[in-house]
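Subject: A structure for you to explore

Hi there,

Here is the structure I promised to pass on to you. Please open it next to this email, and then read on for what was found in it.

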Amino acid sequence: MPIMRLVHWLETHLPGLLLALMTLLVIVDVLGRYVLNMTFAGAAEVATALFVWLVFLGSAGAVRKFQHIGIEGITAFIPKSAQPWLQLAVSGSILVVSVHMARISYDLSMASWEREIDMVGVPYFYVYIVIPVSFALIAVHSLVQVVDILRNWSEAECVRIKTRTDAEV
């Protein structure tokens, strides 16, 4: 599935590339400012926009791999028979919240066409559009996890995380 491979690449490699680009941009800006006594217009704004993209795409990838902040302390104290309920509640809650946030952030993105990033002249839409996209990805990953939990209830663990590797995506 080419779309799934593209999504997988976006979630795994693009945040790293954005981090490298953002770091390079900040280093060049600082060196330009303090060594060459000249500034690069909009470098800080572009670095901030890259950071927003990095955080939101990275969060979608973390949910896909079940690496988001978990409730490890609680799972150690509850019986194995109750663990699927906890995992279902966590994944279900993430699903509901991410669908709601995708809708709200889509409205925010669409309303940001008129407002431009200072010094760059680019609409904020291009910064904000990653938010509904990432929440939509989070919703899809959470839905897959809910289905996996329901299908493999007796194992008390999301089988997708345990048995599937990223290469199979």
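Let's start with Val127: setting aside residues within four places of it in sequence, Val127 is in contact with Ala49, Val52, Trp53 and Ile117. Contact here means heavy atoms within 4.5 Å.

Before going further, a word on where the values come from. This is a predicted model, so local features need pLDDT of at least 70 and side-chain atom pairs count only at pLDDT 80 or more, while totals for chains, interfaces and linings use all residues. Residues are numbered from 1 along each chain as its sequence is written, and side-chain values use heavy atoms, with hydrogens and water left out.

**The overall picture**

The chain has eight helices and zero strands. Both kinds of element are DSSP runs numbered from the N terminus: helices are H or I with at least four residues, and strands are E with at least two. Read along the sequence, the pattern is α-α-α-α-α-α-α-α. Of the 169 residues in the chain, 34% are buried. Buried means under 20% relative accessible area, exposed means over 50%, and partly exposed is in between (1.4 Å probe, protein chains only). Among contacts in the chain with a separation of 6 or more, 68% are between residues 24 or more positions apart.

**The core**

Which residues touch the most other members of the largest nonpolar core? They are Leu18 and Val127, in a core of 21 residues. A nonpolar core is a set of buried Ala, Val, Leu, Ile, Met, Phe, Trp, Tyr and Cys residues joined through side-chain atoms within 4.5 Å. H2, H3, H6 (125-128) and H7 each supply at least two residues of this core. The largest share comes from H3, with seven residues.

**Helices H3 and H7**

Two packed helices are described by the angle between their axes and the distance between the axes. For helix H3 (residues 43-64) and helix H7 (residues 130-151), the axes come within 8 Å and cross at roughly 5 degrees. The axes are lines fitted to C-alpha atoms, for helices over the stretch in contact, and angles run from 0 to 180 degrees between N-to-C directions. H3 and H7 are therefore roughly parallel to each other. The cut-offs are under 35 degrees for roughly parallel, over 145 for roughly antiparallel and 65 to 115 for roughly perpendicular, with the rest called oblique. On the H3 side, the residues making the contact include Val52, Trp53 and Phe56; on the H7 side, they include Phe135, Ser142 and Gln145. By class, this contact has eleven nonpolar, five polar and one charged residues. Ala, Val, Leu, Ile, Met, Phe, Trp, Tyr, Cys and Pro count as nonpolar, Asp, Glu, Lys and Arg as charged, and the others, Gly among them, as polar.

**Two serines and a phenylalanine**

Is Ser142 buried or exposed? Ser142, in helix H7, counts as buried because its relative accessibility is 0%. Not counting residues up to four places away in sequence, Ser142 touches Val63, Ser91, Ile94 and Leu95. Its partner Ser91 lies in helix H5 (residues 83-110) and is also buried, with a relative accessible area of 1%. With the same neighbours left out, Ser91 touches Phe66, Ser142, Gln145, Val146 and Ile149.

Phe135 is in H7 as well, and at 15% relative accessibility it counts as buried. Beyond its neighbours within four places in sequence, Phe135 is in contact with Phe56, Ser98, Met101, Ala102 and Ser105.

**Helix H1**

The buried residues of H1 are Val7, His8 and Glu11. Seen down the axis of H1, they fall within an arc of 100 degrees, so they line one face of the helix; the arc is that of the directions from the helix axis to the C-beta atoms. On the other side of H1, Pro2 and Arg5 are exposed. What covers the buried residues includes H2 (14-34), H3 and H7.

Thr12 belongs to H1 (residues 2-12) and counts as partly exposed, at 25% relative accessibility. Thr12 and Gly61 are 49 residues apart in sequence, yet 6.4 Å apart in space, C-alpha to C-alpha.

**One last residue**

Most residues other than glycine have a negative phi. Asn37, in the loop between H2 and H3, has a positive phi near 55 degrees. At 68% relative accessibility, Asn37 counts as exposed.

Enjoy looking around!
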